[in-house]
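Trainee: I would like to take a careful look at one part of this structure and then follow how the surrounding elements are arranged. Could you walk me through it once the structure is in front of us?

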Amino acid sequence: MFKRNRKMIMLLITVMVMSIWLAACGAKPAENGAAGENDTTTEAETQTEAATERTLTDAMGHEVTIPANPERIIASYLEDNLVTLGVKPVAQWSVANGIQEYLQKDLNGIPTIAFDLPFEAVTSFNPDLIIIGSESVVEGEKYEQYSKIAPTYVLGDEINSDWRKTQLKIGEILNKSAEAQKALDDYEVKATEIKEKINTVTGGTKSAAAIWLVSGKFFIVSDNVSSGEVMYKELGLVEPEVVKEISANATGNWSSISMEKLAEMDVDYLFFVNSDEGTGSEALKDPVWQSIPAVKNGNLFEFTRSSSWLYSGVQANLQIMEDIQKSIAK
């Protein structure tokens, strides 16, 4: 009997020891798992924090430390790109006779700053990031002056001359690359949609041109920028020979056009930006202007200087496309 009890006692002890051991083994992975999760979370948070403040090299070779969350940005004449990303600058571009009025739904109330970015004015806004379009803006010692005020990133002419590249680069700078790409993708969808609506009316065979009247002189947009790009490359309107000829030798977005060349404008639709509205617009009474087919046939569509027709970017181009659709595919 003693032997039987002894065996029973030994069995109980063995069971107890095994239970304790199994419980300890079972708890240990759970402890390690919890610790692992905490470690992973902490590491992820650390990586996220590190990723928000980055050092990027700009077009001029400057290594620029981009703040974690810039809130006071100056990006003169790049406001279209900021608005597209849902970002408001601390100050907006201006010239003596105006601002980018087509953006004012989003920028209304934002103070202005002169287009040439005077150092004192820039300093007064206490920016935490400055984005410059062209190298020419920071010639000489200007870059050093701006970089003393705030981190300064120069896009460079190669990027700045292409609004799509500009949008993507600013998205990268502001850690909003996904948003920038989505904006471009949505833009392409909208452009295709409007092109199809216009083609139902034009059959893809109607020509168009954009003319700007300012200070009594006519200018025509080049075929690869601003409203020219929208008309010919995005919406498939036919480019007149006169526009091709002038665009081939253009040195800017808009080139002056003589009355002689206007007389050759055999164009179906004419989109007209009138900066001389209210000051007489005597040039519009000229017989040459009156002889343009689009003018004679009632296909002249007039817009004020406050429209987006003089600009480029997602916001500007979308507004131009909508203007064209409303004019042609009513």
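Trainee: Which helix does N81 lie in? Please start there, and then work outwards through the strands, the helices that lie across them and the charged pairs.

Mentor: This is a predicted model, and everything that follows should be read with that in mind. N81 is located in helix 2, which covers residues 79-84. With a relative accessibility of 5%, N81 counts as buried, because the cut-off for that class is under 20%. Leaving aside residues up to four places away in sequence, N81 touches W163, T166, Q167 and I170.

Helix 7 comprises residues 163-173, and R164 in this helix is paired with E234 in helix 9, the two residues being 70 apart and the pair linking distant parts of the chain. Their side chains meet in a salt bridge with an N to O distance of 2.6 Å. The two partners can be set side by side: E234 is buried at a relative accessible area of 9%, whereas R164 is partly exposed at 22%. R164 and E234 also belong to a network of salt bridges that links them with E188 and E229.

Helix 9, formed by residues 226-234, leads on to the sheet, since this helix lies across strand 9, strand 10, strand 11 and strand 12, running at about 165° to strand 9. The sheet itself is open, has five strands in the order 11-10-9-12-13, and shows mixed pairing. Strand 11 and strand 13 stand at its edges with a single partner strand each, so one side of each is left without a neighbour in the sheet. From one strand to the next the twist averages 30°. Helix 14, residues 314-328, lies across strand 12 and strand 13, and its direction is at about 125° to strand 12.

Within this sheet, strand 9 (residues 208-214) and strand 10 (residues 217-221) run antiparallel and are joined by four bridges. They form a hairpin with two residues between them, and S215 in the turn has a positive phi of about 55°. Strand 10 also pairs in the antiparallel sense with strand 11, residues 254-256, over three bridges. I220 of strand 10 can be followed in both directions: I211 stands opposite I220, and I220 in turn stands opposite S255 in strand 11.

Another hairpin is made by strand 1 and strand 2, with five residues between the strands and with G61 taking a positive phi near 85°. Strand 1 pairs with strand 2 (residues 63-66) in the antiparallel sense over four bridges, and L56 has V64 as its bridge partner in strand 2. The side chains along strand 1 (residues 54-57) alternate, with R54 and L56 pointing to one face and buried, while T55 and T57 point to the other and are not buried.

To return to the charged pairs, the structure holds eleven salt bridges. One of them joins the side chains of E193 and K197 at 3.6 Å, N to O. These two residues are separated by about one helical turn, because they are four residues apart in helix 8 (residues 177-202). E193 is partly exposed at 32% relative accessibility, and K197 is partly exposed at 36%. The side chains of K261 and E264 meet in a salt bridge as well, at 3.7 Å, N to O; K261 is partly exposed with a relative accessible area of 22%, and E264 is partly exposed with 44%.

Definitions and conventions. Residues numbered from 1 in each chain as written. Predicted model: local features only at pLDDT ≥ 70, side-chain atom pairs only at ≥ 80, totals over all residues. Heavy atoms only, no water. Pairing = 2+ DSSP bridges. Axes fitted to C-alpha atoms, helices over the stretch in contact; angles between N-to-C directions. Contact = heavy atoms within 4.5 Å. Buried < 20%, exposed > 50% of the residue type's maximum accessible area, 1.4 Å probe, protein only. Salt bridge = Lys/Arg side-chain N within 4 Å of Asp/Glu carboxyl O.
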